[in-house]
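Here is a short briefing on one protein chain. Look at the sheet first, then at the cores, the salt bridges and the loops.

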Amino acid sequence: MSQSISTNINHIVFSTKYREHLVNEEIRPKMQAYIIGVLSKKGSYVHEIYMNPDHLHVLCTLPKPMSIPQLISTIKIPTSKWTKNNGIPNFRWQDGYGSFSVSRWDIDMISNYIRNQPKHHNNIKSNFKEEYRGLLKKHEVEFDEKYVWD
């Protein structure tokens, strides 16, 4: 019997509800570790992760039996509960998300981009909306502003 083989690497991006700055430096590393653990249990390997005060970047593999919406739920549902139990009672994620395919050859470049989020947002003074619009344009995704933000 032949075997089906695949590898899917995705750069996932989404924000807190209304892009509220809820994640501080004390909780950030704990939250990142928690997300890595949750994804690992589902068979996803996290290449890079960075939780900004108002949005998340994750570069990870998509487990073979899982769809992208299932992967997003795997992150959002448990981390929302975890965050509320760890000192941020009003924490919520935005309803939507961005998921962008990444070639194996681009892992280092995207990992570097994610790792340098603090510098990116500090030096450029860009906010999540500007960054997200840029990602959508770079990946040639058509979008309507009235359906992107909540």
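Two strands pair if DSSP finds at least two bridges between them. With that rule, Asn10 stands opposite Ser101 in β4. The model is predicted. Its four-stranded sheet is open and antiparallel, in the order β2-β3-β1-β4.

**The sheet**

- β2 and β4 are the edge strands. Each has a single partner strand, so one side of each has no neighbour in the sheet.
- Neighbouring strands are turned by 15 degrees against each other on average, with direction ignored.
- In general, strands of a sheet pair through backbone hydrogen bonds, either parallel or antiparallel.
- β1 and β3 (residues 55-61) run antiparallel and are joined by seven bridges. One of the pairs sets Val13 against His57 in β3.
- β1 and β4 (residues 98-101) also run antiparallel, with four bridges between them. Here His11 has Phe100 of β4 as its bridge partner.

**Strand β1 and its cover**

- How many residues of strand β1 (residues 9-15) are buried? Seven of the seven are, so the strand is largely enclosed by the rest of the structure.
- In a regular strand the side chains alternate between the two faces of the sheet.
- Both faces of β1 are covered. On one side, Ile9, His11, Val13 and Ser15 are buried. On the other side, Asn10, Ile12 and Phe14 are buried as well.
- Which strands does α2 touch as it packs on the sheet? They are β1, β3 and β4, and the direction of α2 makes about 50 degrees with that of β1.
- α5 lies across β1, β3 and β4 too. Its run is at about 150 degrees to β1.

**Nonpolar cores**

- In soluble globular proteins, nonpolar side chains tend to be buried together.
- The largest nonpolar core here has 23 residues. Met31, Leu39 and Leu56 touch the most other members.
- Five elements each supply at least two residues of this core: β1, α1 (28-41), β2 (46-51), β3 and α2 (68-85). The largest share comes from α2, with four residues.
- A second, separate core has eight residues, including Phe128, Tyr132, Leu136 and Trp149.
- Which residues does Met31 contact, leaving aside its neighbours within four places in sequence? They are Val23, Met51, Trp82, Thr83, Phe91 and Trp93.

**Salt bridges**

- A search of the whole structure finds four salt bridges. Among them are the three pairs described below.
- Glu25 and Arg28 meet through their side chains, at 3.1 Å from N to O. Glu25 is exposed, with a relative accessible area of 54%. Arg28 is buried, at 14% relative accessibility.
- Arg115 and Glu48 form a salt bridge with their closest N and O atoms 2.5 Å apart. This pair links distant parts of the chain, 67 residues apart. Arg115 sits in helix α3 (residues 107-115), and Glu48 sits in strand β2.
- Is Glu48 buried or exposed? Glu48 has 16% relative accessibility; the cut-off for buried is under 20%, so Glu48 counts as buried. Arg115 is partly exposed, at 45%.
- Glu145 and Arg133 meet in a salt bridge of 2.7 Å, N to O. The pair joins helix α6 to helix α5, with the two residues twelve residues apart.
- Glu145 is partly exposed, at 32% relative accessible area. Arg133 also counts as partly exposed, at 24%.

**Loop residues with positive phi**

- Most residues other than glycine have a negative phi.
- Arg19 has a positive phi, near 55 degrees, and is not a glycine. Its place is the loop between β1 and α1.
- Where is Glu140? Glu140 lies in the loop between α5 (128-138) and α6 (145-148). Phi of Glu140 is positive, about 55 degrees, although this residue is not a glycine.
- Glu140 has 71% relative accessibility; exposed means over 50%, so Glu140 counts as exposed.

Methods
Residues are numbered from 1 along each chain as its sequence is written. This is a predicted model: local features need pLDDT of at least 70, side-chain atom pairs count only at pLDDT 80 or more; totals for chains, interfaces and linings use all residues. Side-chain values use heavy atoms; hydrogens and water are left out. Buried means under 20% relative accessible area, exposed over 50%, partly exposed in between (1.4 Å probe, protein chains only). A nonpolar core is a set of buried Ala, Val, Leu, Ile, Met, Phe, Trp, Tyr and Cys residues joined through side-chain atoms within 4.5 Å. Contact means heavy atoms within 4.5 Å. Axes are lines fitted to C-alpha atoms, for helices over the stretch in contact, and angles run from 0 to 180 degrees between N-to-C directions.
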